[in-house]
Amino acid sequence: MGEQSDRQWWRDAVIYEVYPRSFADADGDGTGDLAGVLSRLDHLVELGVDAIWCTPWYASPMADGGYDVADYRAIDPAFGTLADAERLITEALTRGIRTIVDVVPNHVSAQHPWFQAALAAAPGSPERARFWFRPGRGDGGTEMPTRWRSEFGGDTWTRTKNADGTPGEWYLHLFSADQPDLNWSHPDVRREHEDVLRFWFDRGVAGVRIDSAALLVKDPALPEVPAEPGPGEHPAVDRDDLHDIYRGWRAVADSYPGERILVGEIWLPDVERFVRYLRPDELHTAFNFDFLARPWDAEQLRASIDATLAAHAPVGAPATWVLSNHDVTRPVTRYGRADSSFAFTAKRAGTPTDLALGTRRARAAALLTAALPGSLYLYQGDELGLPEHEGLDDDLRRDPMFLRSGGVDPGREGCRVPLPWSGDAPPFGFGPADATAPTWLPQPADWAELTVEAQVGDPRSMLALYRAALRIRRAELNGVEGMSWLPSAAGVLAFDRGSAFRCVVNLSAQPVPLPPHTAVLLVSTPLQDGALPADAAAWLRTGIDQ
Ligand code: GLC
């Protein structure tokens with residue numbers, strides 16, 4: 001890798017999200033682990049990814065799947081040891097795969113030593129100053145300090161007890177009560193997180209995914225949320241002081257060789273506000289959730305692509321394309337529904353789904369996103385076309401989104417089921433052959449055709465499509481700037497990348513003729529008499545001999 005291409009690796013990288021608990025289980029206890037990831041690196045090499053992003057692997061009570069961190073410098077024993085993490089980072093790199101870790105700065109686990117010390121200390125103590133402890137309102141302090149709503153539904157304050165057992169102060173948690181929010185105006189908080197970044201950069205990681213990146217700073221006056229907050233007016237979202245924090249983080253990242261990157265998890269409806277985090281001295285990239293949330297509709301997707309690229313251009317940051325992650329409904333399920341958009345608030349169990357249709361569309365969406373300029377995120381299992389597992393028993397669901405909604409929201413376990421690797425029946429090779437412990441979430445019995453083993457030999461499989469797409473993308477599109485739309489019929493997206501590559505996606509109900517080309521590089525569904533069927537995409541060669 002030359003100096004220049006190495007420096008720019010993240011601009012068009014393909015980054016694969018590993019959810020370690022469900023990737024592969026080396027020790028046979030039913031829970032995935034880092035040795036399991038290490039043992040399956042060849043799958044990622046064959047797939048053709050440039051980097052992995054591992055969701056939190058730190059010591060955690062797992063109240064929120066590890067996004068409740070008790071020690072940012074230790075690996076949870078269920079996942080292995082720090083030596084395992086170091087080995088994974090090194091071994092992946094020898095295979096050309098960089099590692100991105102997930103840092104959770106908005107909150108810690110209630111078991112984190114800082115919070116335990118804060119609970120043990122008195123109101124007004126320095127230990128409590130690192131969090132948001134406040135007396136309650138009203139007589140006897142029985143009313144919570146604000147009526148803010150949790151990201152997981154429900155309240156954002158929990159009352160503590162004093163040493164003598166009497167009701168005490170309240171503490172703030174934008175997520176569950178097991179995840180107390182840190183006070184980012186406290187210098188210890190800032191110092192500690194910059195130190196955590198160094199800890200992982202020192203171990204060779206290529207980047208950091210920043211959890212809930214737009215939530216860290218709160219208005220210290222703790223006002224109620226305005227009915228319709230204007231830009232920067234929400235007391236807990238997208239506060240202007242965040243930018244200074246990320247400038248500090250960028251300085252840490254830039255002090256390391258090899259272009260270490262910062263990727264923000266930023267859910268903001270306003271794309272202009274979103275790209276402010278991507279100015280040259282802040283984050284390198286952030287997840288483009290606007291695109292993910294859009295329905296399978298040509299105009300909607302085109303509008304999102306145009307708005308994304310237009311907003312990113314002035315700050316010089318690449319766009320990202322994300323179809324899925326460990327929080328959202330799997331694409332083959334989402335795209336098989338009458339309403340194929342995504343919103344957390346709209347998730348309901350029992351929504352009718354046509355999985356064959358969803359799979360066709362997810363295949364086309366794979367080619368669409370892989371052809372767009374910028375970096376690409378791929379969530380484990382999407383390369384296998386796994387559907388959301390909607391048949392899980394409610395008593396297996398532990399996700400705070402399920403628990404805090406009283407079961408109205410089915411929660412996120414359905415996209416976190418252990419991967420099927422081989423064989424005809426659960427656990428589909430998830431652990432060693434002699435493992436007896438059940439997988440931490442049961443897999444559907446009918447996933448035999450979705451295993452890696454079954455798909456490797458099948459040229460029509462989702463895995464074959466992804467492998468081919470990532471190979472062609474690397475050969476044809478790396479380093480190619482921009483895109484240009486071609487005129488196309490209603491319901492059809494067609495664009496060129498450079499002078500030799502053309503992508504066409506048919507979101508209409510009828511087959512459409514292919515635009516001019518010299519060769520067909522890849523199709524998501526076989527052509528019908530030379531035409532592109534409904535819900536299908538094609539990659540075409542154009543140029544010199546056209
Ligand atoms: C992010 C994570 C999600 C987690 C939440 C709280 O949205 O992706 O899984 O529950 O932050 O940390």
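Me: Two strands pair if DSSP finds at least two bridges between them. Which residue stands opposite Glu17 in S2?
Reply: This is a predicted model, in which local features need pLDDT of at least 70 and side-chain atom pairs count only at pLDDT 80 or more, while totals for chains, interfaces and linings use all residues. Residues are numbered from 1 along each chain as its sequence is written, and side-chain values use heavy atoms, with hydrogens and water left out. Strands (E, at least two residues) and helices (H or I, at least four) are DSSP runs numbered from the N terminus, and strands S1 (residues 14–18) and S2 (residues 51–54) pair in the parallel sense over four bridges. Opposite Glu17 in that pairing stands Trp53.

Me: Which strands stand at the edges of the sheet, each with a single partner strand?
Reply: The open sheet has eight strands with parallel pairing, in the order S11-S10-S9-S5-S2-S1-S13-S12. Each edge strand has a single partner, so one side of it is left without a neighbour in the sheet. The edges are S11 and S12 (320–322).

Me: What angle does the direction of H6 make with that of S5?
Reply: S1 and S2 pair over four bridges in the parallel sense. On the same sheet, H6 packs against S5 (98–103), S9 and S10, touching these strands, where contact means heavy atoms within 4.5 Å. Axes are lines fitted to C-alpha atoms, for helices over the stretch in contact, and angles run from 0 to 180 degrees between N-to-C directions. The angle between H6 and S5 is about 160°.

Me: Are the residues that point from strand S10 buried or exposed?
Reply: In a regular strand the side chains alternate between the two faces of the sheet. In S10 (residues 261–264), Ile261 and Val263 point one way, and Leu262 and Gly264 the other way. Relative accessible area decides the class: under 20% is buried, over 50% exposed, and in between partly exposed (1.4 Å probe, protein chains only). All of these S10 residues are buried.

Me: What is the handedness of the β-α-β crossover from S9 to S10?
Reply: S9 (residues 207–210) and S10 pair in the parallel sense over four bridges, with Gly207 opposite Ile261. Between these strands the chain passes through helix H7 (residues 242–254). A crossover is right-handed if, with the strands pointing away from the viewer, the path from the first strand over the helix to the second runs clockwise. This crossover is right-handed.

Me: Which residue in S11 is the bridge partner of Val263?
Reply: S10 pairs with S11 (residues 285–286) in the parallel sense over two bridges. Val263 of S10 takes part in this pairing, and its partner in S11 is Thr285.

Me: At roughly what angle do the axes of H6 and H7 cross?
Reply: Residues including Arg190, Glu194 and Phe201 in H6 meet residues including Asp244, Trp249 and Val252 in H7. The axes of H6 (residues 187–202) and H7 come within 10 Å. Angles under 35 degrees count as roughly parallel, over 145 as roughly antiparallel, 65 to 115 as roughly perpendicular and the rest as oblique, and H6 and H7 are therefore roughly parallel. The crossing angle is roughly 30°.

Me: Which strands stand at the edges of the antiparallel sheet?
Reply: Five strands make up this open sheet, in the order S14-S15-S16-S20-S18. Each edge strand has one side without a neighbour in the sheet, because each has a single partner. The edge strands are S14 (484–485) and S18 (519–523).

Me: Which residue in S20 does Val520 stand opposite?
Reply: S18 and S20 (residues 536–541) pair in the antiparallel sense over four bridges. Helix H15 (residues 462–476) lies across S16 (501–506), S18 and S20, at about 135° to S18. Val520 faces Leu540.

Me: What distance separates the C-alpha atoms of Arg398 and Asp64?
Reply: Arg398 lies in the loop between S13 (375–379) and H13 (400–404), and counts as exposed because its relative accessibility is 56%. Leaving aside residues up to four places away in sequence, Arg398 touches Ala63, Leu403 and Glu413. Arg398 and Asp64 are 334 residues apart along the chain, and their C-alpha atoms are separated by 8.2 Å.

Me: What value is phi of Glu259 near?
Reply: Glu259 is in the loop between H7 and S10, and is buried, with a relative accessible area of 16%. Phi of Glu259 is positive although the residue is other than glycine, with a value near 55°.
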